[in-house]
Amino acid sequence: MTTQQPPRTSLHSIAPLRNRPAFKALEEHCAKVRNLHLRQLFAEDPERGERFTLEAIGLYFDYSKNRITSETIRLLLELAEQSGLRQHIDAMFAGEKINVTEQRSVLHVALRAPKDEQIFDDGVDVVPEVHGVLDKMAKFAEQIRGGAWKGYAGHRIRNIINIGIGGSDLGPMMAYEALKYYSQRDITFRFVSNVDGTDFAEATRDLNAEETLFIVCSKTFTTLETMTNAHTAREWVVKALGDEKAVARHFVAASTNTATVEKFGIDAANMFGFWDWVGGRYSMDSAIGLSTMIAIGPEQFREMLAGFHTMDEHFRTAPFEGNLPVLMGLLAVLYNAFFDAQTVAVLPYEQYLNRFPAYLQQLTMESNGKHVTLQGTRVDYQTGPIYWGEPGTNGQHSFYQLIHQGTKLIPCDFIGFVQALNPLGNHHDLLLANVFAQAEALAFGRTPEEVGADGTPEWLAPHRTFEGNRPSNTILAERLTPKTLGTLIALYEHSVFTQGTIWQIDSFDQWGVELGKVLAERIIPELVRPELDNADQPPLKHDNSTNALIRHYRSLRR
């Protein structure tokens, strides 16, 4: 009997992380510099704030407030080279199957490629197919926005509800919130993902089914949570309109499963496809973004794609020392490996980006939350950190206390914009003053001498002292536009890629999502007849705790 061997990638010849010379050199280097204070580093280098910055493709990236020296950056860049980052970037753009465990190409970059580019998967140029779907989406979006598409009863569609989960929900929801300023305001947009019935009930409570269109986002059209909500939506529409035929006018799909979509009652002409080389958390610029395109219009959607593509090309071609995602990714690796930092805080000072940290949680942690290498061996180092955050200034009155004076080191990304979308008085100057002040306070803190000079009593001085030396990046852009949003998202996508390459893990599978789903499928039949006594129920074959919980749930349901 023969056993299938896993496909080899360009990274299989790379030495294990701890054996790479640059990693060993970084261990020695960080042991010497980790206790250097940013106050000292800035005092010794008056031009540090200009030297450790990078301006490219509409973003200004200040990384001077990191616990680094020029030697640190040199060694990190050497680590990138020794980790095969350049080869791995080239492999992704060439359509090689770098998603090793699923034997798939990773071509989300093709979703935003211009029409005249060529990107191949198994010898087939996928760019024409991508633009075919985009054109179909644009035609449909204009029908909805202009009122040409009518519901079953002849009414204009005024409500769009996106049904999905994971990337099929987080991406469209984040993009809608981020670009709400540019959206068509006579259409209501809502998003349903949770299998908790409250999510659907609240999303539809005040809506008229005659004016509501559902976009069901599921590649296979079998995802449990999504299809449970989709069937509930179907019942809601049919009950309100009194005819199964109404489904075809009130549902469209982003999917690849034509047969199941048609069985549901959706016309295949209203199915918008995508491909197995699009991972869910990288799919918001595919057909999964149909709700976004309806909200902001096809032209603005293509501007967003242009922002993605600009960052793609920067990542693909820029030297590593001037490469935004590479530098950001290497800094994340540095703190994870050598400073015992467990998390990264993403702090956008822009209310429209209120869902951006939640979106990044999936992008970063589903990608790099892995404990084995591409070869299947257990890692002996830390991989993906926990990403989290909240918009400023709200977060300042919530968790910043811990960042400033707690015992945990939390590197921070501050994101700000020079121009306000909604200029009101001096609001925006106050907002940006807080961006700069928070980064300054984290870096330099407040010494006991400075506190004492303010007349603070000696007994109170320790409580008002800030150690500082807390690292941060500051990212500034001129204005939050669709193009800027695409640029920012791609920045984090490729930073995640950089980190995964250094750690030699597969950033594009998500097997950790599957086990809970499988066990839930086993438990569902054990919960559907709560009226029966436990003695009459089928025998439970779980652990003692799970069995007891199921029995208790049944008893309470009765």
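Reader: Which residues of β13 point one way, and which the other way?
Author: This is a predicted model, in which local features need pLDDT of at least 70 and side-chain atom pairs count only at pLDDT 80 or more, while totals for chains, interfaces and linings use all residues. Residues are numbered from 1 along each chain as its sequence is written, and side-chain values use heavy atoms, leaving out hydrogens and water. In a regular strand, side chains alternate between the two faces of the sheet. In β13, a strand being a DSSP run of E with at least two residues, numbered from the N terminus, one group is S472, T474 and L476, and the other is N473, I475 and A477.

Reader: Why is strand β13 largely enclosed by the rest of the structure?
Author: Buried means under 20% relative accessible area, with exposed over 50% and partly exposed in between (1.4 Å probe, protein chains only). Strand β13 spans residues 472-477 and is largely enclosed because the number of its six residues that are buried is six.

Reader: Which residue of β13 is the bridge partner of F417?
Author: Strands pair if DSSP finds at least two bridges between them. Strand β12 (residues 412-417) is parallel to β13, with six bridges, whereas β2 (residues 59-62) is antiparallel to β13, with four. L59 has A477 as its bridge partner in β13, and the partner of F417 in β13 is A477.

Reader: Which helix gives the largest share of the largest nonpolar core?
Author: A nonpolar core is a set of buried Ala, Val, Leu, Ile, Met, Phe, Trp, Tyr and Cys residues joined through side-chain atoms within 4.5 Å. The largest has 125 residues, of which I294, F356 and L485 touch the most other members. Its largest share, eleven residues, comes from helix α14.
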